[in-house]
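Q: I am new to protein models and would like to learn how to read one. Could you walk me through it?

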Amino acid sequence: MSGTYRIAQPVDLSCDVLVVGSGAGGAAVAATLTRAGLDVLMVEEGPYVPAERAPAQLTTAFRRLWRGGGLTAALGAPPVAYAEGRCVGGTTEINSAIFQQTPPEVLQAWARQYGIADFGPEALRPYYARAAQAVHASPPSEPVGAATERLRAGGEALGWRVTALERGHRNCVGTNMCAHGCPTGGKQSMSATLIPAALAKGLRLIAECRVERLVFRRRRVATVLGSARDGHGMRHPVRIRPRQVFLCAGAIHTPALLRAHGWRRNIGTALRLHPTIKAAAIFPDTIDAHAFAVPQVAITEFMPDVRLGGSLFSPSTFGMFLAEDWGTRAALMPAWRNAGLYYAMVRGQGRGSVRPLPGRGTEPLVRYRLAPVDWQGLALGLERVGQALFAAGATRVVPSIGGHPGWNDPARCDEFSAGGLPVGRSNLMTIHLAGSAPPGEVEALCATDSFGRLRGLENLIVADASQIPEAPGVNPQATVMALAFRAAEAYLAQPERARRQRALAEIDRR
Amino acid sequence: MRLSRDLVASLLPIYPELEPEARAEVQQSVQEFMAAELTLAPWHLRSGLFVLGLACALHCRLCLLGRPLGAVPPERRAAVLARWERLAGNLGRSFLRAVRGMVVLAFYDHPLVLARLGAPDPARRQAERRAYRGRRLQERHA
Ligand SMILES: Cc1cc2nc3c(=O)[nH]c(=O)nc-3n(C[C@H](O)[C@H](O)[C@H](O)COP(=O)(O)OP(=O)(O)OC[C@H]3O[C@@H](n4cnc5c(N)ncnc54)[C@H](O)[C@@H]3O)c2cc1C
């Protein structure tokens, strides 16, 4: 991509706006501001991996695209494994691109509770529309495969609401390698959409450049210091003097960076997520889940609190699931072509924290504690996943609980939730993080104003998943993008910027 | 590092059966993956894995009267590791589960193993899907 740079020596740069992080939030900001004619510089810690060079193997993808090689977890009892991307395009490069808007009643509740101005279904409508257009949110264009159909059939057989999911794609051909960085270009991640659009409008992007330090002068970020890797793996210091900073490093690294610099008020104190527990289903016939895209329906009957859906599948992800209790489950591996991976996800009411690890710069230490109601929701969700899969013809359903033998008939799972989940043996994970720097005017709860401006600093705006006040109960990328578009526009609406924007729009039109 | 090699050898799945050379090649690549993962993992997880790895190594040496894990037959290794899982409590169990998860993932991600399972070769599948998408786009535009 032209406009993408690699640094080969120490550099000293200046810009109108520095965007830290190139994921859903950062890309939406960069696209908006470059369109308005501003001089925007984006730095991204991870590498640029175009579709033609997407790794064929998941193990390679973990090393190149996933933060921490995929080994990241929120500590707690039990720990919750979480995942983030670390590459140009951020987590959108490894996600499944399911596009969902936060339900109106949830947005309204947040607007009230956090006192967020200009926020709610109506106020966000144009931004969601822009996000949908940017990623081409649309129904599947190819057959969805049996793993999807079984989930749909199971839910419908039980009379539950089943919703078809839109994804951000153009002619996705169901390679089932979303987590590798889409190899075909079908997934409309940020590196396929907003980043090239911003580059075409003059964005300068430095990949493999990590921001490490912010230097403040008179309530402003005066200088941003980082280091960038050259083609030989050597690191070079980078010094940037921006007029404005948009911090878009994601729900973990944004609060870690701010806290490491002494900004603590309501930052990294209320991390929210969707605790999720998986289950594998074995069907009597071949379903070849690996040969199609991620299941493209969800059972939404119990939303917004509990959602049931399906996961990406390959022999390796199935093997890893079985490895949780390999002694009793290894025998299921030969049935991989008859298997699918499903999940129950709850809109977590628990809370977590993000703190910089003492003595380790901005490296975060993440903790999370589930609320009792989350445990109830997960147990009920797992029971319902089991019921739906049996209703769809599964002969065995194995939940992600160490030592659990799995169910061989529906009667076994019907009463499951009454006993609750065994805390020490339940293997929880999440792929949705939020809430670590919430916006709003209720100062006791919020880290920033309603548009992401950090209180106490004149030129730093947060625009990423940390601004979603709580777990939304749906896939968050659309909301991250909508809020980032909104924050960027609010910044442009400042008087002198607005004049410049109008002048540039005029030039554009001519 | 020796423990890591011996652990990988002990935890490597036996299904599907592979020719000895193929198994050695897969084992080597799993080991490389594990080593890379350990360098990428966040510092506190890496430190935890390191400490628990040392404790596990000590346990194995004690059980095997000083012999390394790799020097005893597979059934004996499995028994020693099962004992560790029983005795080491939640943390010890989590350690072994995490290591086994990575080993199993890397094993079933390997093209030689996938071929044996009858699964498509990942690089070939990528190429085939790219070409297919290209054709679909052309059809759309035609
Ligand atoms: C496996 C998986 C599947 C998912 N599936 C879906 C889905 O189907 N639909 C959906 O809506 N959501 C999904 N999500 C979640 C969604 O992708 C994220 O919510 C969204 O991408 C978050 O956007 P963000 O901008 O906050 O952060 P990110 O997209 O994570 O971007 C942050 C970027 O900042 C960079 N960065 C961090 N620190 C620094 C630093 N110090 N210097 C420079 N750069 C830095 C990071 O490397 C990263 O690239 C999924 C997530 C995962 C992990």
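Q: Which strands form the open sheet, and in what order?
A: This is a predicted model, and in it three strands of chain A make up an open sheet, ordered β6-β9-β7 with antiparallel pairing. To read such a sheet, look for its edges. Here β6 (98-99) and β7 (137-138) of chain A each have a single partner strand, so one side of each has no neighbour in the sheet.

Q: How many bridges join β7(A) to β9 of chain A?
A: Two bridges link β7(A) with strand β9 (residues 166-168) of chain A, and the two strands run antiparallel. To see the pairing at residue level, find A:Ser138, which lies opposite A:Arg167 in β9(A).

Q: Which strands pair with β15 of chain A?
A: Take the partners one by one. Strand β15 (residues 276-282) of chain A is joined by seven bridges to strand β18 (residues 339-346) of chain A, in antiparallel fashion. Within that pair, A:Ile282 has A:Ala339 as its bridge partner in β18(A). Strand β21 (residues 396-399) of chain A also pairs with β15(A) in the antiparallel sense, over four bridges, and there A:Ala279 is matched with A:Pro399. Strand β22 (residues 428-430) of chain A pairs with β15(A) over two bridges, again antiparallel, with A:Thr276 opposite A:Met429.

Q: Is β15(A) mostly covered or mostly uncovered?
A: Burial is read residue by residue: under 20% relative accessible area counts as buried. Strand β15(A) is mostly covered, with six of its seven residues buried.

Q: How many disulfides are there over all chains?
A: The test is a distance: two cysteine sulfur atoms must lie within 2.5 Å. By that rule, there are zero disulfides over all chains. A:Cys172 is a good example, since the nearest cysteine sulfur belongs to A:Cys178 and is 6.1 Å away. Looking from the other side, A:Cys178 is in no disulfide either, and its nearest cysteine sulfur is that of A:Cys172. A:Cys172 is buried at 13% relative accessible area, and A:Cys178 is buried at 8%.

Q: At what angle do helices α1 and α13 of chain A cross?
A: For two helices, follow their axes. Those of helix α1 (residues 24-35) and helix α13 (residues 477-492) of chain A come within 8 Å and cross at roughly 35°. The crossing is right-handed. Residues making the contact include A:Ala28, A:Val29 and A:Leu33 of α1(A), along with A:Met481, A:Ala484 and A:Phe485 of α13(A). Sorted by class, the contact has 11 nonpolar, three polar and one charged residues.

Q: Where is A:Arg219 found, and is this residue buried or exposed?
A: A:Arg219 belongs to the loop between β11 (209-217) and β12 (220-229) of chain A. With 53% relative accessibility, A:Arg219 counts as exposed. Now compare sequence with space: A:Arg219 and A:Asn459 are 240 residues apart in sequence, yet their C-alpha atoms are 8.2 Å apart. Not counting residues up to four places away in sequence, A:Arg219 touches A:Gly456, A:Leu457 and A:Glu458.

Q: Which residues are in contact with B:Gln31, and is B:Gln31 buried or exposed?
A: Start with the setting: B:Gln31 sits in helix α2 (residues 20-40) of chain B. B:Gln31 is buried, at 15% relative accessible area. Leaving aside neighbours within four places in sequence, B:Gln31 is in contact with B:Arg5 and B:Val8.

Conventions:
Residues are numbered from 1 along each chain as its sequence is written. Chains are lettered from A and ligands numbered from 1 in the order in which they are written. This is a predicted model: local features need pLDDT of at least 70, side-chain atom pairs count only at pLDDT 80 or more; totals for chains, interfaces and linings use all residues. Side-chain values use heavy atoms; hydrogens and water are left out. Two strands pair if DSSP finds at least two bridges between them. Buried means under 20% relative accessible area, exposed over 50%, partly exposed in between (1.4 Å probe, protein chains only). Axes are lines fitted to C-alpha atoms, for helices over the stretch in contact, and angles run from 0 to 180 degrees between N-to-C directions. A crossing is left-handed if the near helix is turned anticlockwise from the far one by less than a right angle, and right-handed if clockwise. Contact means heavy atoms within 4.5 Å. Ala, Val, Leu, Ile, Met, Phe, Trp, Tyr, Cys and Pro count as nonpolar, Asp, Glu, Lys and Arg as charged, and the others, Gly among them, as polar.
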